[in-house]
Amino acid sequence: MAKEKKGVRLEHVSKIYEDPKTKKEFYAVHDTSLSIAPGSFVTLLGPSGCGKTTTLRMIAGFESPDEGEIYLGDEAINALTPNKRDTAMVFQSYALLPHYNIYDNVAYGLKLRKLDRKTIKEKVTGILKLVGLEGMESRMTNQLSGGQQQRVALARALVLEPGVLLFDEPLSNLDAKLRVTMRTEIRRIQQEAGITAIYVTHDQSEAMAISDQIIIMEKGVVAQIGTPQEIYYHPKSEFVADFIGEANFLKGKLTAKDGTRGTVDISGNAVPVEGVDRFALQDDCTLVLRPESARLSESGQLPCKVILSCFMGSYQNYHVMVGDNLVKITDFNPKNKKIYEVGDDAFVAFDADSVHVL
Amino acid sequence: MARTQSAELDRKKFFADPIMVTTIVVLIAFLTLFILYPLAILLVDSFVTKDGVTVDVFRRIMNMPNFRKAITNTLKVGFLVGIASALIGLLFAYVEEYVQLRTRFLGGLFKMVSMLPVVSPPFVLSLSMIMLFGKAGIITRYLLHIYDNSVYGFWGIAIVQTMTFFPVCYMMLKGLLKNIDPSLEEAARDMGASRFKVFTTVTLPLVLPGLGNAFLVTFIESIADFANPMIIGGSYDTLATTIYLQITGAYDKEGAAAMAVVLLCITLAMFIVQKYYLEAKSTATLSGKASRGRMLITDKSVTRPLTVMCAALSLFVILMYVCVPFGALFRTWGYDFHLTTKWFVQVFKRYKGLKAFRDSFVLSLIASPITALLSMIISYLVVKRRFKAKGFIEAVSMLAMAVPGTVLGIGYIRGFSGGVFHTGFLQQLYGTGAILIIVFIVRSLPTGTRSGISALRQIDKSIEESAYDMGADSFKVFMTVTLPLIKDSFLSGLVTAFVRSITAISAIILLVTPQFLLITVQINEFAEKGAYGIACAFATILIAITYGSVLLMNLFIKYFGTSRKIGVTENES
């Protein structure tokens, strides 16, 4: 549907802000370089204040970068105003024009492009069908539910057939259930329209569910770029591992190494691991162990003591102590397994390839 | 770290929008030429003489006993009026917000009292004061049989100004009291404080900054007031009237300019205190909307005296206004109470009433849409855009609020009668209707801008951003999004500007040429001559026009507008 899918490239982009209280300047975004492939769905993910929205607003043109250059396709767009950029944004607050009905909201951008009446009508009708709002053209925006407003905001951006579609936390005003439905919808519509999309969120499950690529940002800097699987299973830092899902961190030393395989000493226990080629013998390293990758059993790599055991329905939630380290374990489908009680001694068991070494 | 690149890019983006750049340039030129320049020329004229820069002119005017007297007179009146208005305003606001009113009648009275000063010319109360309490006053002569009562002078001005300005304080303080969380007072009651103790230890400290704010706003208004002291002052001269006489009577242009500088300094100093110190403080106590309704006081020992006081004051004010149409209907006020239409007939037959109304009406009608549009553009730029000259635009358009009309009038005479900086440039403007329209615009701009700014602050920034993002340039965004969203504020700005223009006098009276007859100037002239019948007839028709236009606007907003009702709130300056 889009005229032309466009990629987005950021080259060493920085944005400096001034703290209004201390009058000190700081980097909201620092030396960020990324490349987003045409037609892909990319999420900027991070805690609040990490610079993700600033990055998005720089791509849209509302903020001007202090260093670096932004490219849309092959065109450098730093000096273009938002109305001259081939981007369309879906705002967090939807920002529908309250004095227009649905039809006029969606047609607004088309009218500015001086298309003839018939074409506008065709396009608007088509796009409203795509987002599931056909027949509601004459409703005013205040007569719509949150989800419907969201769809109008999406339709209004899509109908312009922009090179890139920008989303600024579009689902944060919806309730939890609707959020899940809408994110699937957004993904479906993006695929159908075949459009490049950049999506800002702080909700990691949302990011996992809809993205081709996730860009994790921390304090204005890109922490990791990768597919959801790469980021989840091979986080590059404790921050990433902790931000995406839950993680246990076990500190230790590499005591044996054979190619990619090796052995790490954790409080006196030898733990076989994989993916240690980056490390040398006697290096300090941290094992990242996802709670669902570990289980409690009669034998295993790490001896432990159970301090919390809690039935959650689909899983049993354990907190155990390995030496001085707290390890969280979620054991799925506990019905047919032995349930450990608080005070029990047990072992933490896991497969060598399901721990990730940092 | 350097923010040079973003500054450079922002500049490029800014200049990519020629309509906006042009608008800003034109706006800055307008504000500089018609607000800053007239004030600057006053300074130049009073300091620079043939012999270079001196303070001779100031020394000369300071040596005039009547000028020194005028300063103390003005400050004395202003102080008393400020205190009295703030206190009466507080009384009204307190009764409205805290006391259970027994009848709807009283609520109606309150509404009327807050409405009347908005729609009436600023000096009608002086007229009615003279007609009620003067030598031929109904009350003094017929009820009390006092035949030599003099209303002219200090007390006349003070009472009339208090009656004119206290509704403004009432509206300001009402907003403040409404926003006090009732649970604060309930907590104090709960801890054992008496109702009076609660008032003095909780309510009063909370509204104190607001009270100070109301006091200063009224103080400034009183000092700047020209028409009331003119009519009822008698030999008691204030700064505004002294300046007027200095230029129209003594033709002392340098002296008048220097006096205007003195007056400006006083109002400006107070304005700065009010704007940057008290206003911030008095809004800080507004901690958002009250969570629930307040338990109104029903105790008769409290409600009775308070409501009686308010009702008496309201009736007094209303009586004063009612006096005006009757003044126009009696054959000879104070002597012959037969009803007659002869004054109205004379207005139109002998005193070119039709021309006066047409001139006033047409000039105000031209000025008001320009004012409304300008103030909306200024508010849009101030609230929604980032650019270098923004602070300048905001400051200058607010500065106009602190400039008394008389000062502006003198500034225009000095600034434009010989062209800009006496070079002859733009000299042809002087004495035309255009300069009158410009004065109308400058005088109403701050009120319109204030209401526009507060309306725009309530609109989510991303609504305009989304339109911008979809491809609209600034002009399109303003016309298709901003303006429709603040339609109500625009409309009320339109009518407020119209009402303010058609009732304006202080600056206009200095600039009007015989080719234009303005109603307010006519009223002033006839009132000074003692021709109260004619003055009242003019004033009655004027009030009818302004009241009619406010009614029309409220009707229009009710059927076509988006929300709130306007007309009363606009006066809270």
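In this predicted model, the side chains of Arg386(B) and Glu63(A) meet in a salt bridge, with 4.0 Å from N to O. Arg386(B) sits in the loop between α16 and α17 (390-402) of chain B, and Glu63(A) in the loop between α1 and β4 of chain A, so this pair joins two chains. The partners differ in their surroundings: Arg386(B) counts as exposed at 59% relative accessibility, while Glu63(A) counts as buried at 9%.

A second bridge between the chains pairs Glu465(B) with Arg57(A), whose closest N and O atoms are 2.6 Å apart. The count between chain A and chain B is four salt bridges, and the whole structure holds 32 over all chains. Within chain A, Arg261(A) and Glu274(A) also meet through their side chains in a salt bridge, at 3.5 Å from N to O. Because Arg261(A) belongs to strand β12 (residues 261-266) and Glu274(A) to strand β13 (residues 269-274) of chain A, this pair ties together parts that are 13 residues apart in sequence. Glu274(A) is partly exposed, at 30% relative accessibility. Returning to the boundary between the chains, salt bridges with shared partners join Arg57(A), Glu63(A), Arg386(B), Lys461(B) and Glu465(B) into one network. Elsewhere in chain A, Glu11(A) and Arg9(A) form a salt bridge of 2.4 Å, N to O. Glu11(A), at 31% relative accessibility, is partly exposed, and Arg9(A), at 29%, is partly exposed too.

What does the wider contact between the chains look like? It takes 41 residues from chain A and 31 residues from chain B. Together the two chains bury about 2,900 Å², with 55% of this on carbon and sulfur atoms. On the chain A side, Asp66(A), Asn83(A) and Tyr108(A) lose the most area to chain B, together 18% of what that side buries. Across the interface, 18 residue pairs are in polar contact. Several elements of chain A give two or more residues to the side that touches chain B, including β1 (8-18), α1 (52-60) and α2 (102-112). Of these, α2(A) gives the most, with four residues. By type, the residues on this side of chain A divide into 20 nonpolar, eleven polar and ten charged.

Aromatic rings offer another view of the structure, with 38 aromatic pairs found over all chains. In one of them, the rings of Tyr232(A) and Tyr233(A) have centres 5.2 Å apart and planes at 90°, so the pair is edge-to-face. Tyr232(A) is buried, at 14% relative accessibility. In chain B, ring pairs link Phe30(B), Phe34(B), Tyr37(B), Tyr412(B), Phe416(B) and Phe421(B) into a cluster.

Two places inside chain B complete the picture. Gly89(B) lies in helix α4 (residues 65-98) and is buried, with a relative accessible area of 0%. Leaving aside neighbours within four places in sequence, Gly89(B) is in contact with Phe166(B), Cys169(B), Tyr170(B) and Leu173(B). Cys310(B) is 221 residues from Gly89(B) in sequence, yet their C-alpha atoms are 10.0 Å apart in space.

Helix α24 (residues 519-529) of chain B is mostly covered, with eight of its eleven residues buried. Among the buried residues of α24(B) are Ile519(B), Val521(B), Ile523(B) and Phe526(B). The buried residues of α24(B) pack against several helices of chain B, among them α6 (124-133), α16 (353-384) and α25 (532-560). Just after α24(B), Gly530(B) takes a positive phi of about 90°.

How values were computed
Residues numbered from 1 in each chain as written. Chains lettered and ligands numbered in written order. Predicted model: local features only at pLDDT ≥ 70, side-chain atom pairs only at ≥ 80, totals over all residues. Heavy atoms only, no water. Contact = heavy atoms within 4.5 Å. Buried area = accessible area lost by both parts, 1.4 Å probe. Polar contact = N/O pair within 3.5 Å; in protein donor to acceptor, adjacent residues only side chain to side chain. Nonpolar A, V, L, I, M, F, W, Y, C, P; charged D, E, K, R; others polar. Phe/Tyr/Trp six-rings, centres within 6.5 Å; stacked < 30°, edge-to-face > 60°. Buried < 20%, exposed > 50% of the residue type's maximum accessible area, 1.4 Å probe, protein only.
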